[in-house]
Amino acid sequence: MNQDQLKQMVGEAARDEVLKLPAGQILGVGTGSTANCFIDALAPHKDHFAGTVSSSNATTERLLKHGFQVLDLNDVTDLPAYVDGADEIDPAGHMIKGGGGALTREKIIASMARQFICICDSSKQVAVLGNFALPVEIIPLAKGIVSRELEKLGGKVTLRLAKNTHADLNQTPSEPFVTDNGGWILDVAGLKIADPIKMEAQINQIAGVITVGLFAKEKANLLLVSNASGLERLVL
Ligand code: 5RP
């Protein structure tokens, strides 16, 4: 089974999971290739939900294309569940997220949701977070100061660059990647994150940081994980 099939399998499992919720509620929807599989699997059942809240412009576009209603988060006060992928997840359900650059809206929605359902294939499961470079969304003018502070924590900091959309795809991209919120992303490699809750709070306190892609306070409550031999459902 290849990785696309694993993502599809877990997307379908998440569909079955959220269809257990009573009809007429609002659902939080994440960003990324695994979340896309979930959206596609859920599309035939969109009327089960009164609407969705979306964690990125890309997800909003996909939801609308399928005919889901996408609500303004400010109009929503109760969110039973949020479904999203992860770049890494540890045994306690702490995650690194933000590989797709949507970490800030993802964290806002996760903080509102009563349940965070993480969906991934088993390649995302790790004993200790930190092999995947930790994304940190920042205010652009604070790049220098935030980078220096992150280096003090032992990380190697790289400014994320935009994917090359120029016709000459061999040309090296030189423009920063800009998030849906107008922020930039610093990817911090080389951190071994033994205490995710402490590091999340520490990085959040650096002036100029919008959001750190460590989801420790807002961790996953339910993990659906696919591997070659099937699907696991882990309550965390
Ligand atoms: C986007 C995210 C994604 O959930 C994460 O990058 C996983 O993506 P994928 O399902 O494509 O592997 O945090 O900001």
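Here's a quick briefing on the ligand site and the aromatic pairs in this structure. Keep in mind that the model is predicted. The ligand has 16 residues around it, and the protein buries 91% of the area the ligand exposes when taken alone.

**Who surrounds the ligand**
- Of those 16 residues, Ser 33, Thr 34, Asp 87, Gly 98 and Lys 124 come nearest.
- Sorting the shell by residue type gives 9 polar, 5 charged and 2 nonpolar residues.
- As for the space the ligand takes up, it's the second largest pocket.

**Backbone contacts and burial**
- Thr 31 has a polar backbone atom sitting 3.1 Å from an oxygen atom of the ligand.
- Gly 100 also offers a polar backbone atom, with 3.3 Å between it and a ligand oxygen.
- For Gly 101, a polar backbone atom is 3.4 Å from an oxygen atom of the ligand.
- On its own the ligand would expose 380 Å², and 91% of that is buried by the protein.

**Aromatic pairs**
- The count here comes to 2 aromatic pairs.
- One of them joins Tyr 82 and Phe 116: the ring centres are 5.1 Å apart and the planes sit at 85 degrees, so this pair is edge-to-face. The cut-off behind that label is an angle over 60 degrees.
- Tyr 82 belongs to strand β3 (residues 81–84) and Phe 116 to strand β6 (residues 116–121), so the pair links distant parts of the chain, 34 residues apart.

Conventions
Residues numbered from 1 in each chain as written. Predicted model: local features only at pLDDT ≥ 70, side-chain atom pairs only at ≥ 80, totals over all residues. Heavy atoms only, no water. Near = heavy atom within 4 Å. Polar contact = N/O pair within 3.5 Å; in protein donor to acceptor, adjacent residues only side chain to side chain. Areas by Shrake-Rupley, 256 points an atom, 1.4 Å probe, with all protein chains shown as cover. 1 Å grid on protein atoms, 1.4 Å probe; cavity = no way out; pocket = protein on both sides within 12 Å on 5 of 7 lines; lining within 4 Å. Sits in = over half its atoms within 2 Å of the grid points. Nonpolar A, V, L, I, M, F, W, Y, C, P; charged D, E, K, R; others polar. Phe/Tyr/Trp six-rings, centres within 6.5 Å; stacked < 30°, edge-to-face > 60°. Helix = DSSP H or I, 4+ residues; strand = E, 2+ residues; numbered from the N terminus.
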